[in-house]
Amino acid sequence: MKERITRLFKFDALLLKQGWMKPAYVGVGVGGRIVFLSDHAPEQAHGMESVAGLALPGFPNAHSHAFQYAMAGMAEKHQPGTNDDFWSWREAMYECALSLDPEQIEAVAAMVYSEMLRRGYTHVAEFHYLHHDTQGHPYDNIAETGERLLAAAEHAGIRITLIPVFYQKGGFGKEPMPRQRRFICAHPDDYLKLLDATRTVVSKSANAQLGFGVHSLRAVTAADITTVFESGPKDLSFHIHAAEQLQEVEDCKAFLKRRPVEWLLENLPLQERFNLVHCTHLSDTEVKRLATSGAQVVLCPGTEGNLGDGIFRLKDYASQYGSWCIGTDSHISLNPFEDLRWLDYAQRLTTHKRNTFDDAATVFLTKCITGGRKAMGLSDHNFFEEGKPFDAVIFQSNTPLLNMSREEHILSSIVYTCDAADIMGTIVNGSWVVRDGVARNSTAIRNKFDRAMKELSR
Ligand SMILES: [Zn+2]
């Protein structure tokens, strides 16, 4: 028997993989799953909420370090004559990481998650390594900080895949530095214990899932990366940073005699569960083998641009049908369309052509939703389907450009011209979590964030 509709929406249009459904009736059942989806109204349509908007699937944000939001925009004044780069930025980031207590971690995370929702992200993959107290000792509850991130996500109303990651070393063959002490698990068993404790707290949260992973090749010994992957869960998505910086590639070649992605391709069975974050610096062979492996590349163009990492070879990778998605990483940029435009424009600027991806808006949206959901540990057939949670971002139909746009141009108008100002609201589990620019629990979240930031600036 079909589940009863508890809430019914009518949208001007809703995007499916095969194109726009116009109009679109979405019935939601208990728990927020779609139980009715059609361009015709159901028989019992009383109480229907008519929305003058265009529904897109909620965006997956496949790579986040929530605590770094506390320093977004604060590392942008560069001293003339100094060599500010990724590595000097990292020192500022370590300082930030060392200063936050669990309460502040939760406050900052709730703020950035709430801001993600305002921009259309409905699911965040939190790549989490701020495990221990400021002295580097495990908390009594070893999953304390993970639990805080879950609480932040719950309060803001965003879906979360929490990925506690293994961080062991200070670089290739180097012991960890004192300022990395909050991140460190000395042995794979310590990490697996932390992962188990995190699994328990995740299981108590309705909108949370677990992932696992390793910070990077420079942060864990090669042998222990293999151990953790092989003794870890067989059903979870696995995340790792790879080849973000040229120096990291050179160090890896010197230490492991392989480039980072080359090492991963040779030593781990890369397939759909794998999510390699950045992959900025790839050889031709790595592009080809990675594209055919089924693994996702998680691109964070806002952060990669901000840190001067380099440009991912998206044209080459996409021409070989590689899977990819996006993440906001340090949160210097939180607008999914800004990140998608960065990806396209970097290719246009370097090839001096405009048609790198044919119908780029459709290609980009499909990749970032499909790849992003895989990175979260989910599978899908379509953007919206019966039985799946109703998570969507709704654009106002009547903005000057969208109102006058012909159907075949609507999606590109959204991708290339829109920002948060054009968003009417965001829906998670069939309920508005942002409406007319106002996010759920926004006053409480903002007050706690302001208080935390004041404490941190003392
Ligand atoms: Zn990262």
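Let me start with helix α4 (residues 188-203) and helix α5 (residues 222-231), whose axes come within 10 Å and cross at roughly 35°, where axes are lines fitted to C-alpha atoms over the stretch in contact and angles run from 0 to 180 degrees between N-to-C directions. Helices here are DSSP runs of H or I with at least four residues, and strands are runs of E with at least two, numbered from the N terminus. On the α4 side the contact, meaning heavy atoms within 4.5 Å, is made by P188, Y191 and L192, and on the α5 side by D224, T227, V228 and S231.

This is a predicted model, in which local features need pLDDT of at least 70 and side-chain atom pairs count only at pLDDT 80 or more, while totals for chains, interfaces and linings use all residues. Residues are numbered from 1 along each chain as its sequence is written, and side-chain values use heavy atoms, with hydrogens and water left out.

Now the zinc ion: its protein donors, meaning N, O and S atoms within 2.8 Å of the metal (3.2 Å for Na, K and Ca), are H63 (NE2), H65 (NE2), H241 (NE2) and D329 (OD), lying 2.1 to 2.8 Å from the ion. Water is not among the atoms, so the site may look incomplete. H63 counts as buried because its relative accessibility is 0%, and H65, at 2%, is buried as well; buried means under 20% relative accessible area, exposed over 50%, and partly exposed in between, with a 1.4 Å probe and protein chains only.

Finally, the backbone: a cis peptide bond with omega of about -15° joins K22 and P23, and P23 lies in the loop between β2 (19-21) and β3 (24-28).
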